[in-house]
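I opened the model to go through its sheet, pair by pair. These are my entries, in the order I looked things up.

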Amino acid sequence: MKILIVTPESLPYAKSGGLGDFAYSYGKALAKLGEDVSIILPLYKQIRTKHPEVLNGFFDQYDFRMGGRTQGCGVFHLYRDGVHFYFTAMDRFDRDQMYGYGDDKERFACFIMAVNTFLTRHNDYDVVHCNDWQTAVLPVLLNYNPKKIKTVLTIHNPAYQGWATRDDLMSYFNLQPGYYDSGYVRLGDSFNYLKTGIMSADKINTVSKTHAKELLNDHTGFGGIGAIIDWCRHYDFSGIVNGLDVDIWNPASDPHLVENYTYADYREKKAINKRAIFKSLGMDENFSGALFSAITRLSSQKGVDRIESLFPELAKRHAKMIIIGTGEMEGDVLYHALQHPEVYLVKRYDENLAHLLYAASDFFLMPSYFEPCGTSQMIAMRYGTLPIVSDVGGLNDTVFDISKGDIANGFTFYNWDKDGCLKAFHRAMDTYDSGRMDPLIKVGMAGDYSWDKSAKQYLALYHSIDWK
């Protein structure tokens with residue numbers, strides 16, 4: 001089966017969040033299963049700067065129409081890790097950042113139209129797998145492709161949808177206003193990219209079973225997108241939990257660690273990594289208590305207020321906390337952290353430090369208010385660090401509370417419980433102080449977080465598409 005993954009980002013070239021991990025690790029997993037897989041994404045300025053080798057692989061060049069305008073596009077190709085990577089080069093992506101511009105809806109309309117033209121010129125794919133709003137209009141355009149192509153849309157975060165106007169249908173995508181007037185692409189009073197994909201893709205999924213249920217049951221959140229899925233595409237919608245790139249995230253071979261380890265020697269080696277990170281941050285290397293960590297976007301969605309509520313408890317329980325992250329709440333976190341010497345905030349994303357922190361920590365905080373899947377909790381468990389999570393989305397599918405017996409691998413709390421995170425913190429500390437961590441750590445480190453099972457589920461989803 002020949003598969004094209006269409007994504008706004010992918011490691012190892014461009015990443016801002018979990019989608020970048022998904023595209024790369026899932027693509028590699030498909031290739032290992034013997035599939036012919038390609039990934040196509042925009043050629044951002046940062047790719048040209050950091051990966052100039054991409055520019056050596058010129059592949060194609062063409063123009064396409066957007067309303068009354070002509071847009072040029074170059075395509076570059078590179079083969080890596082069993083995956084064909086294609087990069088669409090256009091002036092709108094020659095900027096310092098990947099996202100966050102006032103014309104993002106037009107920028108990604110250009111990307112969608114460029115991929116649509118690419119598929120017309122290279123028309124031999126069996127499946128086109130779109131991801132999030134930045135690619136979600138592509139399935140409706142492929143209805144006009146001379147060859148029938150199976151389409152799947154994965155919703156990684158329903159909070160971001162791509163809002164545009166009725167006139168943008170023609171000026172961006174050469175589509176008639178009837179699509180809007182009929183309600184097919186309209187949500188409220190706007191043309192909605194994500195809804196367009198939900199209505200037009202052959203199959204739709206999200207990145208965990210629990211989050212799929214949450215969306216179907218939530219008819220008011222996220223602009224009502226869950227109601228659209230429930231009423232219009234209920235039986236074409238499913239949840240598949242993300243996997244991890246276990247080649248990268250492996251404490252036994254991770255080059256970012258001071259000492260590598262397995263379950264057999266994790267106590268001694270994690271302690272060495274803990275001292276190393278304390279030293280690198282100028283903290284007390286001889287501290288003997290528990291270390292809590294969070295590697296997260298500092299936003300309300302991620303439960304930052306819940307993390308802050310633990311700051312006053314750290315000194316009482318002889319514990320420290322290290323947070324790595326940026327976001328709209330970083331000023332608030334810094335203000336509260338400065339009042340508690342047990343808290344160290346790193347206001348940047350540092351890949352080397354993140355790997356070391358997973359290995360050094362005893363507990364990992366992920367108290368999100370919603371979390372479609374999440375991979376950090378799986379990384380933490382693989383590194384022998386026990387997660388403390390809310391019972392939402394993929395967290396609920398992967399983390400099982402200490403009360404669950406033989407399958408327990410962490411601490412969970414009810415999302416509706418305003419004191420749930422605080423209670424889970426104290427239960428975790430009680431477990432730490434009583435020396436009952438080993439069974440949970442053993443289950444966590446032995447877990448299968450690879451892409452193998454999930455990739456096979458996606459292949460089954462592709463094969464389930466029937467046009468009869």
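Entry 1. The model is a predicted one, and I began with a parallel pair. Strand 6, residues 127–131, runs parallel to strand 7, residues 150–155, and I found five bridges between them. For one residue position I looked up the partner: valine 128 is bridged to threonine 151 in strand 7.

Entry 2. I then checked what packs there. Helix 7, residues 193–200, lies on the sheet and touches both strand 7 and strand 11 (203–206). I noted an angle of about 135° between the directions of helix 7 and strand 7.

Entry 3. I looked up the other helix on my list. Helix 8, residues 209–217, crosses strand 11 and strand 12, and its angle to strand 12 is about 140°.

Entry 4. How many strands does the open sheet have, and in what order? I read nine strands in the order 3-4-5-2-1-6-7-11-12, and the pairing is mixed. The edges are strand 3 and strand 12 (237–239); each has a single partner strand, so one side of each has no neighbour in the sheet. From one strand to the next, the twist averages 25°.

Entry 5. I went to the edge at strand 3. Strand 3 (residues 58–66) pairs with strand 4 (residues 69–80) in the antiparallel sense, over eight bridges. Opposite methionine 66 I found arginine 69 of strand 4. The hairpin of strand 3 and strand 4 has two residues between the strands, and there glycine 67 has a positive phi near 65°.

Note on methods:
Residues are numbered from 1 along each chain as its sequence is written. This is a predicted model: local features need pLDDT of at least 70, side-chain atom pairs count only at pLDDT 80 or more; totals for chains, interfaces and linings use all residues. Side-chain values use heavy atoms; hydrogens and water are left out. Two strands pair if DSSP finds at least two bridges between them. Helices (H or I, at least four residues) and strands (E, at least two) are DSSP runs, numbered from the N terminus. Axes are lines fitted to C-alpha atoms, for helices over the stretch in contact, and angles run from 0 to 180 degrees between N-to-C directions. Contact means heavy atoms within 4.5 Å.
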